[in-house]
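Me: I'd like a close look at one charged side chain and its surroundings. After that, feel free to walk outward to the other charged pairs and the place where the chains touch.

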Amino acid sequence: MTSFVANHGYLDGLLRGYRSGLLTAADYANLTQCETVDDMKVHLMNTDYANVFQDLPSPLTTQSIAEACTRKMVEDFQSLRQPALEPLAKFLDYITYGYMIDNIVLILSETLHERGTENPAGDTQALLDRCHPLGLFEGITALCVAQTPAELYHLVLVNSPLAKYFLATLSMENLDEMHVEVIRNLLYKEYLKDFFRFCQQLGEPTSESMGDILKFEADRRSINITVNSWRMQALSKPWGHQSIQLTRFRASHLLGVCPVQPTRPDRRLPPPSLPQDDRQRIYPTFGELWPEGTSKLQDAVDMDGLRAAVDSVEAYRDVLQQQNENPDKTIEDCFFEKEVQNCLLAFESHYSYGAFYAYFRLKEQETRNIVWIAECIAQNKRDRINHFTPTI
Amino acid sequence: MNCSPVITFIEEEQRMTFVPSAKWDQYLTMIDPYNWGAWGVFLAIAISVLGASWGIFLTGTSLVGGAVKHPRIKSKNLISVLFCEALAIYGIILAIILQNKLAAPLHPASYPEPQDFKAGYGFFAAGAIVGFSNLAAGYCVGALGGTIALADAQNPALFVKCFVMEIFGEAIGLMGVIVSIILSTSMSYAQ
């Protein structure tokens, strides 16, 4: 406890300062009243976002808003990461691994599925711009050159912090045939397990607050994988040309996916199919649902099966209940709400690293909210403008 | 008789020492009473400063971090730092009081008298009391001060209410000082 304040007291103070800079209910009320997207800038200039929105050229797009918000988050992250001592430095690094996985999968899906076509150098830069800046690492540009995932591993990833996740999950032989979403989820599974183990080593109170958050994250992934695999099966028909994102929590939500309209159609990707045995393989192997719940999830084929699988855990039962009562909400929205609650709880315990993780999850949710509001204003769908999850 | 080297050594020592009858139960009385007084001064200032600096460290790091986003907290929460600083001043006060008592004995022939022992132990105790009570108070005020600074940053109404806690933490140090001053003024070396 003493060493926490002595080593990380400054950063803890800074973090709590940042946290009080999150948008309030009044800010959200102002934002939803805006007539145009440019009006949002006026309101955001009164908040912590002032410095990133200052230089933005005036006709704002949703894209530029999303980028500015992400830039703000990265600035916050860097100002916490630079002066951090161990083990906080390592803890913050763990946060970036999640973004790295997303970036790698993004690059994989873009470059590997365009193997036949020419790939000019300009494209590489455009691709890197679409990556989440927190997940950039040394040598990521070389990723675009790789032609097969196996080559990719040997050229680049072997030196990145993700190498151990690759080794643990994927055998190089079948890496080429595997669908990128399966790769993403396998990596995530290992990453979450590793992160969980690391947090347990840090001892109380971090192990407690982070344990809850990561268990929730693991269970949410399990449930999402299940739900999405039904959707995949439904779309595995000749007319189904939409690539379904198994997960849209991370960078993908910012750039590829627009929240109001359905996912941007991506004709390059054939609709993947995810057999039931595969599902069991990519479920995270810890959390409240593991192992009993996940084995039930594996057999679940509809919402009733899902409900039966998660029935033993009160929190998830509530989430599904809530979703049942409000048909407007998706399961994802309900999970986001739950996540925000969890993250806010992490701030209640002092001397814990959990708050650092929670802040960036809240910031991400806030970015989603701002983008959602901007999107609703831009597309003039005001009736849905309040369908976001405030971070308060 | 076959003597072990250790015993031989002790016998030799006893022949050489100036108090041949010294035994282990007389160990404490072999120590000069002025030595005890000097240790009292040392403990009073050294341990108090340790407590004060630890308190300022704990408060300061959190305060600086919190003040980045909420600069208004910095002047109010300097009181927490001053509170820790006061603990070092308590130590100095007692160290000065004690060192004033350490005048050379007037009658070296009759030294040490029983009164000298009483004073020596008393001063040692006074120094230890103020040192360790300030160490505890410094830790308490420091840990509280840092947290209060962060609470103040979030909600200004909390400052005055939480500050009362810090005053009680400071009172721990103050208790030590009062007891030590009473102790040290009630006795002196034989003059």
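What is the relative accessible area of A:Arg81, and which class does that put the residue in?

Reply: A bit of bookkeeping before the answer. This is a predicted model, so local features need pLDDT of at least 70 and side-chain atom pairs count only at pLDDT 80 or more, while totals for chains, interfaces and linings use all residues. Residues are numbered from 1 along each chain as its sequence is written, chains are lettered from A and ligands numbered from 1 in the order in which they are written, and side-chain values use heavy atoms, with hydrogens and water left out.

Now your residue. A:Arg81 has a relative accessible area of 23%, which makes it partly exposed; the class sits between buried (under 20% relative accessible area) and exposed (over 50%), using a 1.4 Å probe and protein chains only. A:Asp93 comes out at 24%, also partly exposed. The side chains of A:Arg81 and A:Asp93 meet in a salt bridge, 2.9 Å from N to O. The rule there asks for a side-chain nitrogen of Lys or Arg within 4 Å of a carboxyl oxygen of Asp or Glu. A:Arg81 is in helix α5 (residues 62-81) of chain A and A:Asp93 in helix α6 (residues 88-112) of chain A, so this pair ties together parts that are 12 residues apart in sequence. Helices here are DSSP runs of H or I with at least four residues, strands are runs of E with at least two, and both are numbered from the N terminus.

Stepping back, chain A has 19 helices and zero strands. Of its 392 residues, 56% are buried. If you take contacts in chain A (heavy atoms within 4.5 Å) between residues at least 6 apart in sequence, 68% of them join residues at least 24 apart. For one residue on the inside, try A:Leu152, in helix α8 (residues 149-155) of chain A, which is buried at 2% relative accessibility. Its C-alpha sits 9.7 Å from that of A:Ile104, with the two positions 48 residues apart in sequence.

Back to charges. Side chains of opposite charge can pair when their charged atoms come close. The count over all chains is 19 salt bridges. One of them joins A:Glu217 and A:Arg220 at 3.2 Å, N to O. Those two share helix α12 (residues 206-235) of chain A and are three residues apart, about one turn of the helix, and both are buried. They also belong to a network of salt bridges that links A:Glu217, A:Arg220, A:Arg221, A:Glu339, A:Arg361, A:Glu364 and A:Arg368.

Chain B has a pair with a longer reach in sequence: B:Arg72 and B:Asp152 form a salt bridge at 3.7 Å, N to O. B:Arg72 lies in the loop between α2 and α3 (73-100) of chain B and B:Asp152 in helix α4 of chain B, 80 residues apart, so distant parts of the chain are linked. B:Arg72 is partly exposed at 39%, whereas B:Asp152 is buried at 0%.

B:Glu166, in helix α5 (residues 158-185) of chain B, is a nice contrast. This residue is buried yet has no salt bridge, and the nearest side chain of opposite charge, B:Lys76, is 12 Å away. (Lys and Arg count as positive, Asp and Glu as negative; His and the chain ends are not counted.) Instead, the side chains of B:Glu166 and B:Ser80 make a polar contact of 2.8 Å. That term means a pair of N or O atoms within 3.5 Å; within protein, one must be able to donate a hydrogen and the other to accept it, and residues adjacent in sequence count only if both atoms are side-chain atoms. Leaving out residues up to four places away in sequence, B:Glu166 touches B:Ser80, B:Phe83, B:Val141, B:Leu144, B:Gly145 and B:Ile148.

Finally, the interface. The contact involves 15 residues from chain B and 17 residues from chain A. The buried area between them is about 1300 Å², 66% of it from carbon and sulfur atoms; buried area is the accessible area (1.4 Å probe) that two parts lose on being put together, summed over both. B:Lys69, B:Leu150 and B:Gln154 supply 36% of what chain B buries against chain A, more than any other three residues. The two chains share one salt bridge, in which the side chains of B:Lys69 and A:Asp48 meet at 3.6 Å, N to O. There are also four residue pairs in polar contact across the interface, both residues at pLDDT 80 or more. On the chain B side, the elements giving two or more residues are α2 (33-69) and α4 (114-154), and α2(B) has the largest share with 10 residues.
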